[in-house]
Every structure is written in C-alpha cells, then in structure tokens.
Amino acid sequence: FPIFNRRDTVVGFGGRVIGEGEPKYLNSPETPLFHKGEEIYGLGHARAAMHEAKRALVVEGYMDVVALAQHGVGYAVATLGTATTPVHVTRLLRELRESGAELVYCFDGDAAGRKAAWRALEVSLPLATDTNPIRFMFLPEGEDPADMMLTDDGSSRLREALAGAVDLAVFHVRAILGDADLS
C-alpha cells in the first residue's frame with residue numbers, strides 16, 4: 001500500500017502479513033522523508049469525509065481503513081500499525097479543529113487493543129481541547145474493523161459501537177478505577 005504524506009506525496013509503502021506472523025504490519029524503513037510515527041494512513045483520502053461526518057475514526061491498520069472505506073466509512077485513518085504519537089494526535093486535532101469534529105479511537109477488544117488505547121489516552125490527554133471531543137470505542141474480543149465490515153450487519157454494528165464509544169475522561173477514570181482496590 002502506498003503511504004502518502006500530508007502533501008499527498010508517496011513517502012513509503014506498507015503491507016500486512018497474510019496469515020500468522022509478527023509484526024502484522026510492515027512499513028518501509030525510516031528515511032529522511034518517511035517517519036511512521038508522523039504519518040497517518042489515509043488522511044488525504046479521508047479529509048472530506050471526516051469533515052462531512054464530523055468524525056475521524058482512528059484504527060490500527062491499513063486493511064481496516066480499506067475495509068471501512070469499501071463499506072462507505074470514508075472517515076477512517078490508521079497509525080501505520082504503530083502506537084499513537086503526539087504528532088498523530090496534533091495533526092488530527094488540527095485537521096478537525098474548524099469543524100468541531102470528534103476524534104474516535106477504535107481498538108480491538110483484546111489485551112493489545114486495551115494497551116494501545118491506554119497509550120492513545122496518555123498521548124491525547126495533554127493535547128485534548130474543548131472543541132474536539134476525543135472518544136474511545138472497543139470492539140468485541142478477537143474482532144477488528146475489517147472483520148466487522150465483512151459481516152452482513154457490519155455497518156449497523158459499527159454504528160452501535162460508535163454510539164457506545166466513551167469520552168476520554170470516562171475511559172481514563174474507568175481505567176484507573178479498574179486497577180484500584182476501593183475497599
């Protein structure tokens with residue numbers, strides 16, 4: 001898959017392992033032009049849909065973005081299979097600022113998804129503004145957005161999951177209380 005920078009110039013390539021294997025996503029090596037912690041997969045193609053939907057949906061990989069786009073969800077972008085960085089969050093919030101659109105992180109319901117969500121929360125918290133809500137949605141165990149869209153009711157399940165997305169502050173408090181013994 002070609003990876004475009006914010007000027008819509010190809011700066012790298014990526015792919016996904018078919019079948020078992022780690023890492024799931026492989027990218028071009030870091031170069032003076034390509035830093036995977038700074039690029040957002042699909043941002044140029046998603047820009048208009050993000051403003052129309054008043055939402056950016058951040059998923060984990062290329063295939064999720066492609067599957068969602070094929071099913072009419074054009075406002076999805078990905079972090080190139082890497083952890084969310086301050087550059088990602090800053091760039092997305094800047095893109096969404098004028099429209100007041102929300103930033104929604106979508107993670108798998110497994111331990112890796114919860115870990116990625118916590119990292120996204122840590123990075124997003126100091127960058128959060130009062131103009132763009134930041135929310136977190138979790139999919140059922142073992143499911144990712146691409147899998148969801150392959151089912152007959154994928155679009156309605158996605159809408160349901162979006163409706164159940166929790167605010168950054170709620171997710172933060174729940175995560176902290178989840179580890180606390182309040183007795």
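This passage describes the overall build of the chain and the surroundings of one residue, Ser 124, in a predicted model.

The chain contains seven helices and eight strands. Its radius of gyration is 16 Å, close to the 16 Å that the globule rule gives for 183 residues, so the chain is as compact as a globular protein of that length. The C-alpha trace extends over about 55 × 40 × 30 Å along its principal axes. Among contacts in the chain with a separation of 6 or more, 66% are accounted for by residues 24 or more positions apart.

Burial and surface were computed for the whole chain. Of its 183 residues, 43% count as buried. The exposed area of the chain is about 9600 Å², and 55% of this area is supplied by carbon and sulfur atoms. With regard to charge, 18 side chains are positive and 26 are negative. The centres of these two sets are 6 Å apart.

At the level of single residues, Ser 124 was examined. Ser 124 belongs to helix 4, which covers residues 111-124. The relative accessible area of Ser 124 is 0%; a residue under 20% counts as buried, and Ser 124 is therefore assigned to the buried class. When neighbours within four places in sequence are left aside, the contacts of Ser 124 are with Val 89, Tyr 105, Ile 134 and Leu 168. Ser 124 thus combines a place in helix 4 with a relative accessible area of 0% and contacts to residues including Val 89 and Leu 168.

Technical notes. Residues numbered from 1 in each chain as written. Predicted model: local features only at pLDDT ≥ 70, side-chain atom pairs only at ≥ 80, totals over all residues. Heavy atoms only, no water. Helix = DSSP H or I, 4+ residues; strand = E, 2+ residues; numbered from the N terminus. Rg over C-alpha atoms; globule rule 2.2 N^0.38 Å. Buried < 20%, exposed > 50% of the residue type's maximum accessible area, 1.4 Å probe, protein only. Contact = heavy atoms within 4.5 Å. Areas by Shrake-Rupley, 256 points an atom, 1.4 Å probe, with all protein chains shown as cover. Lys, Arg positive; Asp, Glu negative; His and termini not counted. Charge placed at Lys NZ, Arg CZ, Asp CG, Glu CD.
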